[in-house]
Amino acid sequence: MTSSHPTQHRASARPARYDAVISGASLAGCTAATLLARAGARVALLERHHSPTAHKVLCTHYLQPCSYRVLDRLGVIPALREAGAVANEAHWYTRWGWIRPQPKPGADPLPHGFNLRRSTLDPLLRAHAAETDGVDLLTGHSVTELLRDGDGRVDGVRARTSDGEREIRGRLVVGADGKDSTVAKLAHLRGKTHRNNRFSYFAYFRGLKSDGDVTRGWFLDPDVAYAMPNDEGITVVAVIPDKKQLPAFRDDLEASYLDFVRRLPDAPDIDAAERVSKITGTTNYPLTTRTPTAPGIALIGDAALTSDPLWGVGCGWALESGQWLATAVGPALAADGDLGRALDDYRRRHRRGLRGHQHLVTDYATARGFNPFERLMFSAAAKDAHMARHMHLFASRLIGPLRFLNPLALARATAVNLRHRGA
Ligand SMILES: Cc1cc2nc3c(=O)[nH]c(=O)nc-3n(C[C@H](O)[C@H](O)[C@H](O)COP(=O)(O)OP(=O)(O)OC[C@H]3O[C@@H](n4cnc5c(N)ncnc54)[C@H](O)[C@@H]3O)c2cc1C
């Protein structure tokens with residue numbers, strides 16, 4: 001692939017009717033469009049922004065290791081590396097000390113993801129989708145309405161463009177339009193909203209000395225912070241404190257943010273680095289869990305689940321859910337097969353992959369302290385290499401909470417702690 005800017009296809013080349021109409025050409029939408037088209041479907045990929053290089057600004061760019069498989073399937077890993085993506089490795093500070101997962105001696109490196117700023121990542125994935133045969137990228141198209149056929153079945157969307165309204169017909173409408181998804185609202189896929197009792201602020205630093213390319217996370221129970229090395233020597237430093245501190249914090253944002261970072265154990269030396277951005281963030285960011293399907297409709301990415309900013313999972317899950325959708329519905333769309341059954345498969349896959357994680361994410365968003373299981377596992381991971389690797393698989397979202405907390409792992413964690421107490 002090239003990393004040139006995406007282009008719109010000529011109007012005359014567009015089919016009158018698509019198999020899928022996707023609202024939102026960000027991580028989830030571009031992944032689904034590319035993979036659906038490869039499966040033989042004709043895809044209209046609509047994006048409300050006019051510029052093909054638009055990107056999400058509120059993000060700290062950590063792509064979890066669980067997204068590696070999808071990036072590999074898309075075929076973009078060489079382009080990511082060329083763009084300066086940093087292969088990420090994560091260490092976490094807890095009150096029991098640092099958890100630093102390492103591979104077994106002589107074994108392969110641990111699975112990793114990438115850190116790459118969205119200003120580079122989003123245009124790159126959009127260009128990749130636009131260059132895929134079967135995808136028409138339509139920028140400057142804002143979805144405003146769902147269209148239905150005479151039998152009431154979903155049959156496309158109405159979009160607002162600078163030339164007026166357009167109807168774009170398709171058998172499947174995909175909401176890849178982020179946390180405030182218009183498609184979800186139009187389809188009445190309301191779901192559940194969870195209170196987020198933390199706020200977040202972050203800034204970019206150049207020349208911040210770090211531990212190689214390691215991303216560091218501080219779990220101060222309940223406050224959280226991260227330092228994440230990205231492309232071009234930029235490190236994103238994010239703080240995610242309990243909301244109780246917000247009024248005082250906001251009184252002097254600059255001083256509060258800098259003070260919070262300086263007080264971290266083994267703090268990143270921000271005073272020896274150059275800050276190259278303002279301090280930005282979110283003070284009210286409720287999380288959402290929606291049923292990801294309805295007849296003729298699918299939601300992917302944040303439109304289905306909003307889970308950040310604390311864990312840095314939404315980008316990886318946007319990629320994964322885009323892939324799961326394409327795998328489930330691609331053949332049915334391309335061969336005029338049973339779309340209803342294919343959507344059921346997608347809904348089940350989504351649930352199996354993310355329901356357990358999202359349960360923990362929304363529970364921890366209350367700003368509660370660690371529960372006894374978390375205390376047991378994290379304290380053991382700080383002391384024992386095997387437990388640290390196990391923690392890495394869970395934090396990378398390569399295994400779910402049930403495998404993380406399996407009886408053998410709990411027994412091992414207990415034994416590690418007893419041994420250390422004895423020592
Ligand atoms: C402060 C913060 C930090 C974060 N940090 C991380 C991190 O480090 N790692 C991580 O994995 N996740 C992180 N996230 C979450 C991550 O940004 C999202 O999960 C991710 O962007 C979701 O991708 P998406 O493709 O589903 O949606 P989005 O990236 O939100 O894209 C939605 C797209 O739909 C378009 N759109 C919206 N409405 C319409 C419409 N009506 N018609 C047409 N187009 C429309 C938008 O313009 C946009 O391009 C963070 C979130 C926040 C708030």
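Which atoms in the side chain of Thr60 should you look for beside an oxygen atom of the ligand? Select Thr60 and the ligand together. An N or O atom of that side chain sits 2.6 Å from a ligand oxygen atom. Keep in mind throughout that this is a predicted model.

**Stop 1: the ligand contacts**

Stay with the ligand and add Leu27. Here the partner is in the backbone: a polar backbone atom of Leu27 is 3.2 Å from an oxygen atom of the ligand. Now pick Thr182. One of its polar side-chain atoms lies 3.3 Å from a nitrogen atom of the ligand. Next, turn on a surface. On its own, the ligand has 1000 Å² of accessible area, and the protein covers 96% of that.

**Stop 2: the shell**

Show the residues around the ligand. There are 36 of them. The nearest are Ser26, Glu47, Thr60, Asp302 and Cys315. Color the shell by class. You should find 14 nonpolar residues, 15 polar ones and seven charged ones.

Which helix gives the largest share of this shell? Select helix 8, residues 314-334. Helix 8 supplies four residues, the largest share. Then highlight other elements that each give at least two residues to the shell: helix 1 (27-38), strand 2 (43-47), strand 8 (142-148) and strand 12 (200-206).

**Stop 3: the loop before strand 14**

Move to the loop between strand 13 (214-219) and strand 14 (224-229), where Pro222 is located. Asp221 is in the loop between these strands too. Check the backbone here. The peptide bond from Asp221 to Pro222 is cis, and its omega is near 20°. Asp221 is not a glycine, yet its phi is positive, at about 55°. For context, most peptide bonds are trans, and most residues other than glycine have a negative phi.

**Stop 4: the loop before helix 8**

Go to the loop between strand 21 (305-306) and helix 8, and select Pro309. The bond to inspect runs from Asp308 to Pro309: a cis peptide bond with omega near 15°.

**Stop 5: a helix pair**

Finish with helix 10 (residues 372-381) and helix 11 (residues 385-395). How do they pack? Their axes are 7 Å apart, at an angle of about 120°. Roughly perpendicular ends at 115 degrees and roughly antiparallel begins over 145, so helix 10 and helix 11 are oblique to each other.

Now select the contact. From helix 10, take Met377, Phe378, Ala380 and Ala381. They meet Met387, Ala388, His390 and Met391 of helix 11. By class, this contact of helix 10 with helix 11 has seven nonpolar residues, one polar and no charged.

Terms used. Residues numbered from 1 in each chain as written. Predicted model: local features only at pLDDT ≥ 70, side-chain atom pairs only at ≥ 80, totals over all residues. Heavy atoms only, no water. Near = heavy atom within 4 Å. Polar contact = N/O pair within 3.5 Å; in protein donor to acceptor, adjacent residues only side chain to side chain. Areas by Shrake-Rupley, 256 points an atom, 1.4 Å probe, with all protein chains shown as cover. Nonpolar A, V, L, I, M, F, W, Y, C, P; charged D, E, K, R; others polar. Axes fitted to C-alpha atoms, helices over the stretch in contact; angles between N-to-C directions. Parallel < 35°, antiparallel > 145°, perpendicular 65-115°, else oblique. Contact = heavy atoms within 4.5 Å.
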